[in-house]
Amino acid sequence: MSFPWSYSVLGLVPGLILTVVVAGLVLYTSLVVWEFCLRHPEVRDVCDIGQMLFWGKTWAWYATAVMFLLNNTFIQGLHVLVSAKYLNTITNHSQCTVVFAVISAIICWLCSLPRTFSALAKLATVSAFFTFLSVLLAAIFAGVEPHPLGYNPDPNYVDPVTGIHGGPPKVTAIPLAGTTFVAGMNAFLNISYTFIGQITLPSFIAEMKNPKDFPKALWAVTIAEILVFGIIGAVIYAFTGNQYMTAPAFGSLGNEVFKKVSFSFMIPTLIFLGVLYASVSARFIFFRIFEGTRHKSNHTVVGWAAWTGILAATWLGAFIIAEVIPFFSDLLSLMSSLFDNFFGFIFWGVAYIRMRRVDSGVTWLREQTLYGYMMLVLNIIIICIGILFLSAGTYTSVQAIIDSYHAGAVGGVFTCKTNGL
């Protein structure tokens, strides 16, 4: 539900174009991941790929592992943050926000305990269904309610607290005059984060019964994402406008019942996605600690103690992240800039070049066709996009967090102040 906010910053036309472009790039790089994994069936996760891409160096494996675990823990932190936001919203801030964050982390930790992906597969189906219902209801409610939250009919009115101008919702095809680079880049990073998930693909492909079926699922998911994210984002933005938009967009609904009902259908996803990344991290650590021992595949006290302890450590880290960076859109942007640069772009541009060099030998660059040179340019551009994320993206994300603290958007770190919608 960050797409409506991103469209309000970027303008509807650039926002929709970037949605399709980012989806296309993620589709292409995911196919590169798949091809690389088919060529190297010994690959178990993205860390193995990182080491292979960067000359087999041990430091590359460890550097990738650190980024891999941090990326997953940041995503868990996002879900702790949004779950606490939900509990604050649904209960009208009946408890301290830190208490809600602790409750969220404990619930997610308990749901993470199953040690196989088969248990998560069923939850994934339920999660996808309820997510679709949630965003569909939010779009319908935005259309049927008279006005969004904070509406004032006087176009000359300025809210003394938020600085929001009144009048009918303003919908623009292009960014508003005065839109800063920080705001625009953060909106772009928010869109990118939602699509980019290649970091987990090697782990899933390694466990597929028939990895050659992967492209079918990938195409279906990508088309569905473009349609759902694009249509829902555009509809909610059209009825909410620039001045009344919030992130996530549930907060823009003026009717409290509409807001709570649509937000409540997101509960399975709030739990599942965090649980998924926690499970991926725990399996990564657990399998390497107990490789070649009976604790890896048997139910032993030592094995289960280690498994629960690893999960508890990841959720403790997630809780701390949620409390230190308690801003939804800013946290999304920071995660995208820090981790999506390599795991979304740079790795796969390098992987393509390495595979083509293996195919054609040391003279591959001189023997390319026009199509080959075009694909080479595309992958160099993909690498450059990753560098843009790492440099400009990190700067704008950090600056946005500083600006949010200065604006008093929250009370501070580990605060009891409500973060409800």
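1. A crossing of two helices is called right-handed if the near helix is turned clockwise from the far one by less than a right angle. In this predicted model, the crossing of α1 and α2 is right-handed.

2. Helix α1 covers residues 3–10, and its axis comes within 7 Å of that of α2, crossing at roughly 125°. That angle makes α1 oblique to α2, because it falls in neither the parallel, the perpendicular nor the antiparallel range, the last of which takes angles over 145 degrees. On the α1 side the contact is made by Phe3, Tyr7 and Leu10, which meet Leu12, Pro14, Gly15, Leu16, Leu18 and Thr19 in α2. Seven of these residues are nonpolar and two are polar, with no charged residue in the contact.

3. Helix α2 (residues 12–39) also packs against helix α9 (residues 214–240): the two axes come within 10 Å and cross at roughly 165°. α2 is therefore roughly antiparallel to α9. This crossing, too, is right-handed.

4. From α2, the residues that meet α9 are Leu12, Leu16, Val20, Ala23, Leu27, Ser30, Leu31 and Trp34. Their partners in α9 are Phe214, Pro215, Leu218, Trp219, Thr222, Ile226, Gly230, Ala234 and Tyr237. The contact holds 14 nonpolar and three polar residues, and no charged ones. Leu12 and Leu16 appear both here and in the contact of α2 with α1.

5. Helix α11 (residues 267–289) and helix α12 (residues 301–324) pack at an angle of about 130°, and their axes are 9 Å apart. The two helices are therefore oblique to each other. The crossing of α11 and α12 is right-handed.

6. In α11 the contact runs through Gly274, Val275, Ala278, Ser279, Ser281, Ala282, Arg283, Ile285, Phe286 and Ile289. These meet Gly303, Ala306, Trp307, Ile310, Leu311, Thr314 and Trp315 in α12. By class, eleven of the residues are nonpolar, five are polar and one is charged.

7. Turning to internal space, the structure holds two cavities of 30 Å³ or more. The second largest has a volume of about 60 Å³. Its lining consists of Asn71, Ile75, Tyr193, Ile196, Gly197, Gln198, Ile199, Tyr277, Asp340 and Phe343. Helices α4 (58–91) and α13 (328–360) are the elements that give two or more residues to this lining. Six of the lining residues are nonpolar, three are polar and one is charged.

Terms used:
Residues numbered from 1 in each chain as written. Predicted model: local features only at pLDDT ≥ 70, side-chain atom pairs only at ≥ 80, totals over all residues. Heavy atoms only, no water. 1 Å grid on protein atoms, 1.4 Å probe; cavity = no way out; pocket = protein on both sides within 12 Å on 5 of 7 lines; lining within 4 Å. Points joined across faces, edges and corners; volume = space filled by probe spheres on them. Helix = DSSP H or I, 4+ residues; strand = E, 2+ residues; numbered from the N terminus. Nonpolar A, V, L, I, M, F, W, Y, C, P; charged D, E, K, R; others polar. Axes fitted to C-alpha atoms, helices over the stretch in contact; angles between N-to-C directions. Parallel < 35°, antiparallel > 145°, perpendicular 65-115°, else oblique. Contact = heavy atoms within 4.5 Å.
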